[in-house]
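Welcome, and please load the structure in your viewer. We will go from stop to stop, with something to select at each one.

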Amino acid sequence: MRQVKWGIVGTGNIATQFAQGLQQVANAQIAAVASRSMDSATAFAQKFDIPKRYGSYEDMAKDRELEIIYIGAPHPQHYENVMLFLEAGHAVVCEKPLGVICPRFMVQEQC
């Protein structure tokens with residue numbers, strides 16, 4: 001069975017839960033992780049035996065070997081992260097929500 005190479009954006013609790021679940025999928029390989037800090041990416045990679053780690057999301061977006069990107073970063077950045085990886089040509093799975101709408105201003109921004 002062919003292995004599907006996943007990249008995980010974020011290293012928090014939700015990303016950790018997703019990585020634990022993905023390890024149970026027979027044809028899934030967690031091939032890379034990206035964080036806003038290399039230290040966090042390295043610790044996460046060591047925990048889950050992930051071969052590639054990135055200290056920026058932009059660097060991971062350039063990785064052409066990755067097939068699917070899971071967005072598990074803080075939700076106010078979801079839209080920006082999703083668009084970065086879609087524009088780089090990756091398939092994306094986004095942990096909820098895709099965007100945050102501030103009722104007071106009716107624009108997308110961090111509330």
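Start by selecting A31, in a model that is predicted. Is A31 buried or exposed? Its relative accessibility is 5%, and buried means under 20%, so A31 counts as buried. A31 belongs to strand β2. Now show its surroundings: setting aside neighbours within four places in sequence, A31 is in contact with K5, W6, I50, P51, K52 and L66. Add E65 to the selection too. A31 and E65 are 34 residues apart in sequence, yet their C-alpha atoms are 8.6 Å apart in space.

**The strand around A31**

Extend the selection to the whole of β2, residues 28–34. Six of its seven residues are buried, so this strand is largely enclosed by the rest of the structure. Next, bring in β1, residues 4–9. β1 and β2 run parallel and are joined by six bridges. For a landmark in this pairing, pick V9, which stands opposite A34 in β2. To follow the connection, trace the chain from β1 through helix α1 (residues 13–22) to β2; this β-α-β crossover is right-handed. While α1 is highlighted, look at what lies beneath: α1 lies across β1, β2 and β4, and runs at about 165° to β1.

**On to β3**

Select residues 52–54, strand β3. Three bridges join β3 to β2, and the two run parallel. Here the landmark is V33, which stands opposite R53 in β3. Which helix sits between these two strands along the chain? Helix α2, residues 38–48, makes a right-handed β-α-β unit with β2 and β3.

Two loop residues deserve a click while you are in this region. D49 is in the loop between α2 and β3. The phi of D49 is near 55°, a positive value in a residue other than glycine. D49 has 68% relative accessibility and counts as exposed. Then go to S56, in the loop between β3 and α3. In contrast to D49, which is exposed, S56 is buried, with a relative accessible area of 19%. The cut-off for buried is under 20%, so S56 falls on the buried side of it. Beyond residues up to four places away in sequence, S56 touches A34 and S35.

**The whole sheet**

Now colour the sheet by strand. What is the strand order? Five strands form an open sheet in the order β3-β2-β1-β4-β5, with parallel pairing. The edges are β3 and β5, each of which pairs on one side only. From one strand to the next, the twist averages 25°. Return to V9 for a moment, since β1 has a partner in β4 as well: they pair in the parallel sense over four bridges. There, V9 stands opposite I71 in β4, while in β2 the residue opposite V9 is A34.

**Helix α4**

Select residues 78–87, helix α4. Which residues of α4 are buried? They are H78, N81, V82 and F85. Look down the axis of α4: these buried residues fall within an arc of 100°, so they line one face of the helix. The spacing follows a general rule: an α-helix has 3.6 residues a turn, so residues three or four places apart point the same way. Turn the helix around, and the face away from the buried side carries the exposed residues E80 and E87. To see what covers the buried residues of α4, show β1 (4–9), α3 (57–61), β4 (68–71) and β5 (91–94), which are among the covering elements. Just past the helix, select G89, which follows α4 and has a positive phi, near 95°.

**Zooming out**

Finally, show the full chain. The protein has four helices and seven strands, and along the sequence they follow the pattern β-α-β-α-β-α-β-α-β-β-β. Of its 111 residues, 39% count as buried. Try a contact map as well: among contacts between residues at least 6 apart in sequence, 50% join residues at least 24 apart. Last, turn on the surface. The protein exposes about 6,400 Å², and carbon and sulfur atoms supply 53% of that area.

Terms used
Residues numbered from 1 in each chain as written. Predicted model: local features only at pLDDT ≥ 70, side-chain atom pairs only at ≥ 80, totals over all residues. Heavy atoms only, no water. Buried < 20%, exposed > 50% of the residue type's maximum accessible area, 1.4 Å probe, protein only. Contact = heavy atoms within 4.5 Å. Areas by Shrake-Rupley, 256 points an atom, 1.4 Å probe, with all protein chains shown as cover. Arc of directions from axis to C-beta. Pairing = 2+ DSSP bridges. Right-handed = clockwise from strand over helix to strand, strands pointing away. Axes fitted to C-alpha atoms, helices over the stretch in contact; angles between N-to-C directions.
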